[in-house]
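Open your viewer and keep the sequence panel beside it. This tour goes from stop to stop, and each one tells you what to select.

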Amino acid sequence: MAISRFAGVCALLGMVLPAPASAISLQFDYSLDSSDFFTAPRRAVLEAAGSYFSTLVTDTLSAITSDGVNQFTGRIVDPGTLAEISLPGLSVPADTLIVYAGANAALGSTLGFGGFGGFQVSGTQAFLDNARSRGETGPTSGGLATEFAPWGGMLVFNSSLNWYADPDVSTSDAFSGHDLYSVALHELGHVLGLGVAASWFRLVSGGVFTGSAAMAAHGGAVPLTAAGDHWAEGISSGGQEAAMDPTLLVGSRKTFTALDVAALDDIGWDVQPPLTPVTAPVQVPLPPPAIALLAAFLAVAGARRAAALRPARS
Ligand SMILES: [Zn+2]
């Protein structure tokens, strides 16, 4: 029997602390970065964004090991071609998500997009079950999923834009361009299921998000974009525009706010207490984002929802 699923998305920040022993690890794979977008400084920024989530998310995920009759095939969008591709014979270490990172020059004004990977799997029932749940309790796909345990996913950045990549993400110097760190955090939020997982959409009703932790952080149900895949434009938490709203201003940085972290909790991740944002960026009103690009590729992939992060201006 085979199972397939796919969901994608799109893009924003935090502090880096030593990872506890039980934390998840985001393992970045640059083999599909055909345009060599990820130079050493940009890789360091992406790794820093991954480290943020390693400090935050403490779930334990079982390994997925393709071997013999048990075969796991990942499905992602190739950053270089934007075509959906298969990754046969994929194996994923325990407590690890593999994230394919690359870039494309044909994203228009979209900063980037990202999402969790789909998969096809064949083998024993135990192997199939593990591919879905990675050892997490509760259903992880279909129906009223309350958990989310992807094998990984992908991030695609717009290589035609002017990016700011300071490997020391603890600093908040004034800068021009689009902040790679902010976009990496946002897109990794999508890889972790924010705005795209079944366990997100089970909590979406009437244009608002009703997860209990997010409602506590926001002081009520949280308004969403029309597609339901981001916080509504300009939603803030703790004095900062939330990371998972659809936009990022040029020359600004956004970290994960208490609201963003609470949503991770709501969709099934075990998170540590929310961390204090590193910076207090200045924000100005933005036009509503467009999501045409991602909608297109998600239709191909059969994904449920997606969105693309847009800059304030390019
Ligand atoms: Zn997004």
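Start with two helices. Select helix H1, residues 40–56, and helix H3, residues 180–191. They pack at an angle of about 45°, and their axes lie 9 Å apart. That angle makes H1 oblique to H3. The crossing of H1 past H3 is right-handed. Keep in mind that this is a predicted model.

Now show the side chains where the helices meet. On H1, pick Arg42, Val45, Leu46, Ala48, Ala49, Gly50, Tyr52 and Phe53. On H3, their partners are Leu180, Tyr181, Ala184, Leu185 and Leu188. What kinds of residues make up the contact of H1 with H3? Eleven are nonpolar, one is polar and one is charged.

Next, zoom out to the whole chain. The protein chain has 314 residues, and 54% of them count as buried. Its secondary structure comes to seven helices and 16 strands.

Now look for the core. The largest nonpolar core holds 83 residues. Select Val45, Ala49, Val99, Ala184, Ala263 and Leu264, the residues with the most contacts inside that core. Val45 and Ala49 also belong to the H1 side of the contact you just viewed, and Ala184 to the H3 side. In soluble globular proteins, nonpolar side chains tend to be buried together.

Move on to helix H6, residues 258–266. How many of the residues of H6 are buried? Nine of its nine are, so the helix is described as mostly covered. Among the buried residues are Asp260, Asp265 and Asp266, as well as Leu259 and Val261. Turn the view around H6 to find what its buried residues pack against. You should find H1 and H3 again, along with helix H5 (212–218). Strands E11 (208–209), E12 (222–223) and E13 (236–237) are there too.

Stay on H6 and select Ala263. Beyond its close neighbours in sequence, Ala263 touches Leu194, Phe209, Gly211, Ala214 and Met244. Then step past the end of the helix. Gly268 follows H6 and has a positive phi, near 120°.

Two more residues have positive phi, and neither is a glycine. Select Asp95, with a phi of about 60°. Asp95 sits in the loop between strand E3 (84–87) and strand E4 (96–104). Buried or exposed? Asp95 is buried, because 20 other C-beta atoms lie within 10 Å. Now go to Arg134, where phi is near 50°. Arg134 is in the loop between helix H2 (125–133) and strand E7 (152–158). Arg134 is buried as well, with 24 other C-beta atoms within 10 Å.

Next stop: Gln71, in strand E2, residues 71–77. Gln71 is partly exposed, because 16 other C-beta atoms lie within 10 Å. Draw a distance from Gln71 to Leu90, C-alpha to C-alpha. These residues are 19 apart in sequence and 7.6 Å apart in space. The contacts of Gln71 beyond four places in sequence are Ser66, Gly89, Ser122 and Gly123.

Finish at Ala232, in the loop between E12 and E13. Ala232 counts as partly exposed, with 17 C-beta neighbours inside 10 Å. Which residues does Ala232 contact, leaving aside neighbours within four places in sequence? They are Pro223, Leu224, Thr225 and Asp245. For a last distance, pick Thr247. The C-alpha atoms of Ala232 and Thr247 are separated by 9.9 Å, with their positions 15 residues apart along the chain counted as their spacing.

Technical notes. Residues are numbered from 1 along each chain as its sequence is written. This is a predicted model: local features need pLDDT of at least 70, side-chain atom pairs count only at pLDDT 80 or more; totals for chains, interfaces and linings use all residues. A nonpolar core is a set of buried Ala, Val, Leu, Ile, Met, Phe, Trp, Tyr and Cys residues joined through C-beta atoms within 7 Å. A residue is buried if 20 or more other C-beta atoms lie within 10 Å of its own, exposed if 12 or fewer, and partly exposed in between; C-beta atoms are placed from the backbone. Two residues are in contact if their C-beta atoms, placed from the backbone, lie within 7 Å. Axes are lines fitted to C-alpha atoms, for helices over the stretch in contact, and angles run from 0 to 180 degrees between N-to-C directions. Helices (H or I, at least four residues) and strands (E, at least two) are DSSP runs, numbered from the N terminus. Angles under 35 degrees count as roughly parallel, over 145 as roughly antiparallel, 65 to 115 as roughly perpendicular and the rest as oblique. A crossing is left-handed if the near helix is turned anticlockwise from the far one by less than a right angle, and right-handed if clockwise. Ala, Val, Leu, Ile, Met, Phe, Trp, Tyr, Cys and Pro count as nonpolar, Asp, Glu, Lys and Arg as charged, and the others, Gly among them, as polar.
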